[in-house]
Each structure stands twice: as structure tokens, then as C-alpha cells.
Amino acid sequence: MDDILEKLKEIVSQTLPEIDVSDVTYNTSLRYDLGLDSIGTIMIGIAIEDEFGVMFPPEFSFESVGEICDYLEKNIDF
Amino acid sequence: MNQNIADKQKEYFYSMLSDEERDLLHYLPTVADLLKFAAKEYAHLPAISDGESITDYEQLEKRVAVRRGYLKSLGLKKGDRIAVYSQNTVEAMELYLAITTGGYVSLMLPAALDSNTLFALCKKFKISHLFYDKTLADNIPDGISSCSTEFVVASLGEYANLKKEDICSICLTGGTTGTPKGAVLTHGAIMRGAFNGCFIPGGVLYQKYIAILPFSHIFGLVKGFLSCLYTGGQVVECRDIKRAFAEIPVHKPTTLILVPGMAEIIVGLSKKMGKNYCSSLKTVVTGAAPVSPKLMKELDALGINVLAGYGLTEGANLSAGNKAVLENPDSMGMIYPEQQFKTVDGELLLKGDNLMLGYFEDEEATKAAFDEDGWLKTGDLAKFDENGNIYIVGRIKNLIILDNGENVSPEEIEEIFDREEMIKDCLVKEDKIGERTVIAIEILPDYLVTGEMSDEAASSAFSEVVSRINKTLPDYKKVSKFTVRKEDFKRTGAMKIARNQE
């Protein structure tokens with residue numbers, strides 16, 4: 001799980017360099033802590049799909065970093 | 001209008017076009033004229049596509065004629081209002097053209113609407129018939145004449161005999177009060193907007209687009225669709241914004257019409273995936289919200305030419321465009337030709353055939369939107385430099401304009417929070433998390449209800465309130481940041497909260 005979190009932090013800092021990822025944890029909220037709106041989450045979503053080779057279902061909306069980690073853990077093979 | 005300024009406006013915009021483009025592109029007064037022109041000039045070029053199959057301009061004109069025949073067979077009469085509730089599909093594109101060239105009035109509705117709002121809007125705008133995408137069928141309320149957007153074979157329907165002054169479309173606009181209003185736009189106005197959209201430097205003809213911005217948004221409809229047809233472009237449908245951005249390397253668009261927040265996606269994903277992600281992209285046209293100089297520079301570094309514009313729904317697409325965003329990033333460029341402008345007490349006023357007739361069946365709001373001589377009051381404070389470049393320096397209307405182009409009225413959100421028992425008063429304003437513009441709220445608790453609260457207890461209690469209310473709000477209206485006040489707000493003489501608390 002920590003590997004996924006580290007990878008996510010890397011993706012966020014690559015696509016949105018102005019966001020300080022040093023404090024990002026499992027509980028970080030995309031909206032309340034990172035200030036991402038629907039467009040920001042689209043960007044992160046595509047970047048994650050590209051990195052992990054997954055495709056989020058259209059109805060999937062993630063509120064927190066932890067939710068993304070959980071989804072990835074369930075849906076990708078390591 | 002000062003002749004000198006009118007000449008400058010023309011020179012500024014026409015200098016973006018090549019000789020070939022100047023000879024070909026002229027103002028056409030109705031959507032019917034546009035479709036006939038495009039079918040003749042661009043006959044066998046690709047017009048619209050669902051990403052797999054392509055319809056050329058000649059086929060498009062025929063398919064639209066069949067759809068007009070179907071509209072007629074439904075018993076609809078000229079001037080009837082027909083709504084299309086759909087993502088940006090090829091079906092929605094064909095229907096828009098069939099409705100408007102058949103003499104009916106279109107209302108394009110966002111696919112994100114819930115069933116109740118859809119019903120309310122159909123009633124408010126007296127919709128005679130509703131077309132819906134079949135993926136949205138579950139949201140269709142009872143009591144409204146409706147059918148899916150799928151193509152139905154019918155006998156050919158003729159073009160209506162249209163004039164510039166005929167009503168073409170109603171476009172939703174938020175305005176400063178909560179309920180959306182409908183800007184009533186004539187064929188002449190929509191087509192002025194579409195023609196303005198043809199002024200793009202570096203080659204505007206035969207480009208490839210993905211219709212990312214919703215057609216329910218004037219900028220998406222006029223610049224993101226009609227201007228493309230005007231210039232022989234190919235428009236690829238978009239059912240899902242996320243997929244569209246993911247598929248940029250697949251569809252290889254050359255031009256995209258975006259709000260600034262979306263342009264940021266291009267930049268962000270290029271950083272992650274490398275320049276090849278958007279190597280096909282030559283031009284990005286942005287509008288609906290100011291673009292930061294940083295974003296413009298980043299797009300430029302990717303080899304993407306940016307045209308930034310200023311406009312409002314009430315003026316059918318862009319009213320001003322800046323072709324030199326790197327040299328003059330703070331300006332919105334110049335006002336498009338054939339449009340007059342002036343400032344009164346700093347407020348930008350516009351006149352021209354691009355303006356709406358008024359808000360649909362809302363005399364009071366219409367009266368407030370224009371001055372007594374028919375100038376549209378934009379609510380924006382503007383300045384001009386000696387070359388006629390326009391600078392938007394502030395707003396009279398109390399609106400938060402987000403990076404995604406959405407306009408949010410603080411009062412509307414305050415009203416919702418004010419209903420909470422624990423909240424005595426609140427103030428919604430624009431704030432930042434990092435560099436991102438977000439909606440923030442300052443809450444003054446009703447300490448008679450809550451009793452004494454520690455900072456921690458207040459933070460946790462109101463965090464719960466904010467996330468509960470957020471769940472009921474559309475994404476762009478959600479509050480991202482809150483603070484709890486211990487003391488009352490500064491107030492005006494009338495005891496209203498002073499908007500500026502500093």
C-alpha cells in the first residue's frame with residue numbers, strides 16, 4: 001500500500017508541480033487539502049490510469065487519496 | 001462609433017487570416033446559410049465523427065434534412081422550443097442543426113442535470129419536445145413529450161425560410177441569482193458569434209477538434225461547434241470529458257476550445273506523459289475565465305498557440321479576443337469587428353447584432369441587463385489602452401469565476417448554509433488552496449445553539465455540515481475551505497455583511 005501511495009505522490013507532483021506532496025497521506029482529501037475541483041481530479045485520474053494501466057469506471061469519484069489507493073490495490077496485479 | 005476604432009478592430013482580426021481565408025469566410029446571417037455554405041464548400045471533407053465513423057459535409061446536410069423531416073412529423077411548428085439533453089454526441093450536433101435550420105428554437109441542456117432540474121427547465125422554457133441521449137433515459141420525467149436522439153428515417157424536411165432576426169437558440173446562463181435564465185439569441189447573433197470564432201491566427205481552415213466543452217455552454221456551442229463547421233473542420237464527439245483528454249493522442253486534434261482549467265489538464269498531462277501527448281495540437285482557444293500568464297507560457301512551451309477571449313452568453317460567444325497573449329497577457333485583446341463598446345462609470349457596455357434579445361419571459365431581468373439605449377451592461381469593469389486593447393479589471397456583479405469557467409453566485413450558497421440551525425451568518429468568497437481558486441466560506445456559529453465550543457469541536461462540527469451540504473451541490477459549487485469565526489462580521493450601514501472584510 002505504501003508503494004502505491006508513493007507512486008501517487010509522484011504522479012501528483014509530476015502533473016501539478018505547485019502542489020506540495022510532502023504532507024500527502026492516506027487521509028488527504030483531494031478537495032479540502034489539495035484544492036482540486038472536478039477538472040483537477042480528471043487530470044489526476046488520467047495520469048493514474050496511464051501510470052497503472054487501469055481505467056476508472058465513469059461513475060467512480062474519489063474524494064481522498066486513500067480511496068484511490070484502495071481502488072488500485074483491488075484492481076491491479078503487482 | 002469612431003471610424004478609426006472600427007478600422008483598428010477590423011485590421012486586428014482580419015490580419016489573422018490568410019488571403020484564401022479572407023476570400024472564403026464572410027458573415028452568414030442564419031444557421032441555414034451556414035449549413036448550405038459548408039455543404040457546398042467542404043462537401044467531401046470530414047464534418048462530424050463519433051471517433052470511428054465519419055460523416056462528411058454533404059452527408060451531414062442530408063442527415064439533417066431527414067431529421068428536419070422527423071421533427072415535422074412530430075407535429076412541431078416554427079418557433080416551438082425543442083430541448084436536447086445529451087452529451088456532445090454526433091446525434092446532438094445533427095439535432096441542433098435540424099432544429100435551428102427547421103425554424104424551431106433550440107435549448108441544449110447539460111447531461112449532468114438531474115431529473116427534477118430537467119423537469120423544471122422544460123416547464124420554465126415551455127419545451128414542446130425533448131430529445132435525450134439513451135444513456136440518460138432513466139432521468140426523463142413523466143409528462144414531457146420526449147424521444148431519444150437516435151436517427152429515425154423520415155422523409156426529407158426542407159430548410160425553413162429564415163431571417164437574421166428569427167430566434168435560433170435559448171442558452172442557459174447563471175447570472176447573479178440562483179435559478180438559471182435563458183438568453184434568447186437570434187440566428188444573426190449566434191452567427192455573429194460563430195463568425196467571430198473564425199478569427200484564429202496560423203490557419204483556421206480544415207482543423208480537427210474534439211467537442212469537449214458542453215454544447216449547453218455558449219462557448220462550446222458557438223465556438224466549439226458552429227465555428228468549426230464554418231471553417232471546414234472535423235468535430236469529434238465527446239461523451240465523457242475525462243475520456244476525451246485521455247484520447248487526445250488517439251484522435252490527434254489540431255485545435256481545442258477550452259476553459260482555462262481544461263487547458264491546465266493539457267499542460268499537466270504533457271508533463272507526465274511527455275510532449276507526444278499533445279503533439280498534434282497547434283491551437284488552444286480559451287474563454288469564460290481569465291487565463292494566468294504562467295499557463296499561457298506553459299502552453300507556448302509546448303508549441304501551442306493560444307487565443308484568449310472574453311465573452312458572455314448574452315453576447316453569443318466571444319466579444320473580445322487576444323491574439324498576442326504572450327506579449328500582452330493581461331489584456332483580452334480587442335473587441336471583434338461590427339461590435340460597439342464603451343465604458344460608463346468603468347462598466348463595459350456592448351452593442352451589436354451579437355446581443356441577445358433578452359432573457360426568456362423575464363422582463364425585469366431583461367430590463368436590468370440593458371440601458372435605455374439598448375447597450376448591454378456586462379457587469380464587468382473594463383479599461384482600454386491607447387491601442388484599443390481591453391483589460392477587465394473587476395466586476396460589479398458579485399460573482400466568483402472559477403478556473404473551469406463556471407460562475408458562482410456567493411449569495412446562492414450562503415442562502416443554503418444560512419438555513420442551518422448552527423449557523424448564524426456566513427460569507428462565501430473566493431480563496432486559494434495553493435495556487436488553485438476555490439470556494440471558501442466563513443461561518444459565524446449561532447453560539448446560542450451550539451453553546452461554547454473549543455476550536456477543535458467547532459472545526460469538526462462544521463466540517464460535517466460542509467461535507468453534508470456539499471453532497472447536495474453540483475461539483476463546481478462545492479465549498480472547499482471553511483473557517484469558523486468567533487466574532488461577528490464587519491457590517492455595512494444596513495447591517496449586511498461587508499463583502500470586503502479586510
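User: How many residues does each chain put into the contact?
Analyst: This is a predicted model. In it, chain A gives 22 residues to the contact and chain B gives 24 residues.

User: Which elements of chain A give two or more residues to the side that touches chain B?
Analyst: Those are α1 (2-15) and α2 (38-52) of chain A.

User: And which one gives the largest share?
Analyst: α2(A) does, with 10 residues.

User: What's the mix by class on that side of chain A?
Analyst: There are 11 nonpolar, 6 polar and 5 charged residues on the side of chain A that touches chain B.

User: New topic: strand β17 of chain B. Where do its side chains point?
Analyst: They alternate along residues 347-351. L348(B) and L350(B) point to one face and are buried. E347(B), L349(B) and K351(B) point to the other face and are not buried.

User: Do β16(B) and β17(B) run parallel or antiparallel, and how many bridges join them?
Analyst: Antiparallel, with 5 bridges. Strand β16 covers residues 340-344 of chain B.

User: What do those two strands form?
Analyst: A hairpin, with 2 residues between the strands. In the turn, D345(B) has a positive phi of about 50 degrees.

User: Which strand pairs with β17(B) over 3 bridges?
Analyst: That's β19(B), residues 376-384. This pairing is antiparallel too.

User: Back to L349(B). What stands opposite it in β19(B)?
Analyst: K377(B) does.

User: And which residue of β16(B) faces it?
Analyst: K342(B) stands opposite L349(B). Recall that L349(B) is one of the β17(B) residues that are not buried.

Definitions and conventions:
Residues numbered from 1 in each chain as written. Chains lettered and ligands numbered in written order. Predicted model: local features only at pLDDT ≥ 70, side-chain atom pairs only at ≥ 80, totals over all residues. Contact = placed C-beta atoms within 7 Å. Helix = DSSP H or I, 4+ residues; strand = E, 2+ residues; numbered from the N terminus. Nonpolar A, V, L, I, M, F, W, Y, C, P; charged D, E, K, R; others polar. Buried ≥ 20, exposed ≤ 12 C-beta atoms within 10 Å, placed from the backbone. Pairing = 2+ DSSP bridges.
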